[in-house]
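Trainee: I should like to learn how to read the features of a protein model. May we go through one together?

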Amino acid sequence: MPEPIVQRVAETVPPRIPRGMDLLDTPLLNKGTAFTEEERTLFGLLGLLPPHVETLDEQVVRAYEAYQRKDDDLERHIYLRALQDTNEILFYRLLLDHIEEMTPIVYTPTVALACQQFSHSYRRPRGLFVSYPRRDSINTLLRNRPNPNVDVIVVTDGERILGIGDQGAGGLGIPIGKLSLYTLIGGIRPERTLPIVLDVGTNNQERLNDPEYLGWRHERITGQDYYDFIDRFVQAVKQDAPETCLQWEDFANAHARPILERYRDELLTFNDDIQGTAAVALGAILGAIKVTQKTLRDQQIVIFGAGSAAIGVADGLHAAMKEEGLTEQEERSRFWLLNSKGLLHSGRNDLSPEQSVYAQPENRISGWPRTSNGRIGLADVLGKIDATILIGLSTVGGAFSETIVREMARKIDRPVILPLSNPTAKSEATGEDLIRWTDGRALVATGSPFAPVNYGGRQIPIAQCNNVYIFPAMGLGVVASGARRVTHSMMLAAARALSANSPALKDSSASLLPPLTDLRRVAAEIALAVATQAQKDGVAAKLGEDELRHRITATQWTPAYSSYCAEP
Ligand code: NAI
């Protein structure tokens, strides 16, 4: 007997329509000036709205004008959030029409400012505050959520918000912004998303000293108390929303991996900082390899930096190599990771277990040049091997110097170079330098945004590895397929589907990653790959490709008004 699949789409019942001001105060149902004469009469709105009835298109024009009148990005963010809390369909249509301009405003980088200013710009409730003093009643808090049916929760504890660290309860801005993108791109219905902050205190003195801080005014809970609290939360989600996808966001490095490892086989869950980041980078790399018409087997991969992001990307490449049939030994021989103490090799006794996997055997590097303190540096590695891929996740701005890049480019036709560190000042190289130093041959993707480069009469776009390429699509894939887990292979399938949609495959000087304007289509393709893999992994019921495509289309919500008047 096949297991019954979770029919999330069919559960969406038409809402009861309130009347008068209650209707205008319900952001998911409010149409503002777009209510028709008939609706105004039927729902007691006559006199409450100006007489002219607008279309959604006209409203978008007016809203965009108001948006443009704002003085800075934070004001623009606050304007959009207020619109979201007034009329969600207009909010999403506006975003959709201006997706490239507004994605950085609703989400990173502007959302970081919004988290810092959270207590000062707070207006209306959105999402859940699960604070430590209420640890005995988490189930009750969860049941108070606005809509019992939730497809995706994004949860943070606010400790490592983007590049600005601990923001305590203000971290809620991140799940709110991120879920807007789940809806905008993945098409997850807005009422079926739930942002949550686990307020376990803050060690940010500025917040603690701020009389207007709205969070729990207490230093962070740590150790076993912290993990017990996380466990209570997870058990409450399992009990009350067992089919919901739970995405962990912006937890401190020390907590992120243990939490993921503890719960990944227990419920439908993933960590975007760890898994999403790796999948996007992998998508860009696999796309670049296809452009060079080589395979993973042909690669020598140098990763500068061996911290959590670097290990995540290496693990993704490692898994992809395994799928291509390489043996463990063949895989390992292709990785060259360096941290602040130089190349990882088996003669070192300061490596973590995750790093040791990538240590080169000492005999392979005997006789290599070393600095006076015995370290093997980046220039030494690139001088000795024919590196095909160079990735930067070190936070060392400018580390990919002209000498280093030219040495790499001297030996191969199309070097693949990804300086992924953020923010821009920490990027290992700029897009423009990489293009010039390689005479326009490098295939580049960066962590920070860089303008297109004019070179040799061409405009070469620089792809930005942004997690938005993966997480909304992952959400769409698991919701549409009714998947019960997010497996490693599903992440890999997402990366492969992203690479298959690389514009550079059609034009080798085009971007390695698709433009944001194409992301809803690409998200549906990635979702199909994720859903298909979920079936192969036995975590979703088996369906044919046509049925899956149908479910993905039906799940991907589009912002448009529907009539509230009964059909004749
Ligand atoms: P981390 O602190 O865990 O790792 C940093 C690594 O760089 C460590 O291994 C450290 O030893 C190494 N390092 C530092 N100085 C070095 C030096 N002089 N030479 C060689 N290695 C050196 O940090 P994490 O979380 O891994 O992040 C690293 C960078 O990657 C950050 O800038 C972060 O913003 C960026 N990142 C970018 C993403 C993207 O998609 N663009 C996603 C995730 C992280």
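The dialogue below takes up the overall fold, the ligand site, the empty spaces and some details of the backbone.

Mentor: Please keep in mind from the outset that this is a predicted model.

Trainee: Let us begin with the fold. How many helices and strands does the chain have?

Mentor: The chain contains 24 helices and 14 strands. Its radius of gyration is 25 Å, close to the 24 Å that the globule rule gives for 568 residues, so the chain is as compact as a globular protein of that length. The C-alpha trace spans about 85 × 60 × 60 Å along its principal axes.

Trainee: I turn now to the ligand. Which residues are closest to the ligand?

Mentor: One begins with the residues that surround the ligand, of which there are 19. The closest are Thr-277, Ala-306, Gly-307, Ala-309 and Asn-422. Sorted by class, this shell holds 7 nonpolar and 12 polar residues, and no charged ones.

Trainee: Which backbone atoms lie at a short list of distances from the ligand's nitrogen and oxygen atoms?

Mentor: Here one looks for pairs of N or O atoms within 3.5 Å. A backbone N or O atom of Asn-422 is 3.0 Å from an oxygen atom of the ligand. For Leu-420, a backbone N or O atom lies 3.1 Å from a ligand nitrogen, and a polar backbone atom of Asn-339 is 3.4 Å from a nitrogen atom of the ligand. As for cover, the ligand on its own has 860 Å² of accessible area, and the protein covers 73% of this.

Trainee: How does one find empty space inside a protein?

Mentor: Rolling a probe the size of a water molecule over the atoms shows where empty space is left. In this model the count comes to 2 cavities of 30 Å³ or more.

Trainee: What lines the largest cavity?

Mentor: The largest cavity holds about 100 Å³ of space. Its lining has 15 residues, and those nearest its centre are Ala-442, Leu-443, Ile-460, Ser-509 and Ala-510. Strand E11 (443–446) and strand E13 (458–460) each give at least two residues to this lining. By class, the lining of the largest cavity has 9 nonpolar, 4 polar and 2 charged residues.

Trainee: Which helices supply the lining of the second largest cavity?

Mentor: Helix H7 (110–116) and helix H8 (118–121) each supply at least two residues, and the largest share, 3 residues, comes from H8. The second largest cavity has a volume of about 50 Å³. Among the residues that line it are Cys-115, Phe-118, His-120, Arg-207 and Asp-210.

Trainee: A pocket, I understand, is open. What is the volume of the second largest pocket?

Mentor: The second largest pocket contains about 1300 Å³ of space. It is lined by 46 residues, and Leu-28, Glu-88, Asn-147, Pro-190 and Glu-191 lie nearest its centre. Helix H5 (88–97), strand E1 (128–131), helix H10 (173–186) and strand E3 (193–199) are the elements that give two or more residues to this lining. The lining of this pocket divides into 24 nonpolar, 11 polar and 11 charged residues.

Trainee: Finally, which peptide bonds are cis?

Mentor: One reads the omega angle. The bond from Thr-108 to Pro-109 is cis, with omega near 10°, and Pro-109 sits in the loop between helix H6 (99–106) and H7. The bond from Asn-422 to Pro-423 is also cis, with omega near -15°. Asn-422 is among the residues closest to the ligand.

Definitions and conventions. Residues are numbered from 1 along each chain as its sequence is written. This is a predicted model: local features need pLDDT of at least 70, side-chain atom pairs count only at pLDDT 80 or more; totals for chains, interfaces and linings use all residues. Side-chain values use heavy atoms; hydrogens and water are left out. A residue is near a molecule or strand if one of its heavy atoms lies within 4 Å of it. A polar contact is a pair of N or O atoms within 3.5 Å; within protein, one must be able to donate a hydrogen and the other to accept it, and residues adjacent in sequence count only if both atoms are side-chain atoms. Accessible areas come from the Shrake-Rupley method with a 1.4 Å probe; for residues, only the protein chains shown count as cover. Ala, Val, Leu, Ile, Met, Phe, Trp, Tyr, Cys and Pro count as nonpolar, Asp, Glu, Lys and Arg as charged, and the others, Gly among them, as polar. On a 1 Å grid over the protein atoms alone, a cavity is a set of points where a 1.4 Å probe fits but cannot get out, and a pocket is an open set with protein on both sides within 12 Å along at least five of seven lines; lining residues have an atom within 4 Å of a point. Grid points are joined across faces, edges and corners, and a volume is the space filled by probe spheres set on the points. Helices (H or I, at least four residues) and strands (E, at least two) are DSSP runs, numbered from the N terminus. The radius of gyration is taken over C-alpha atoms; the globule rule is 2.2 Å times the number of residues to the power 0.38.
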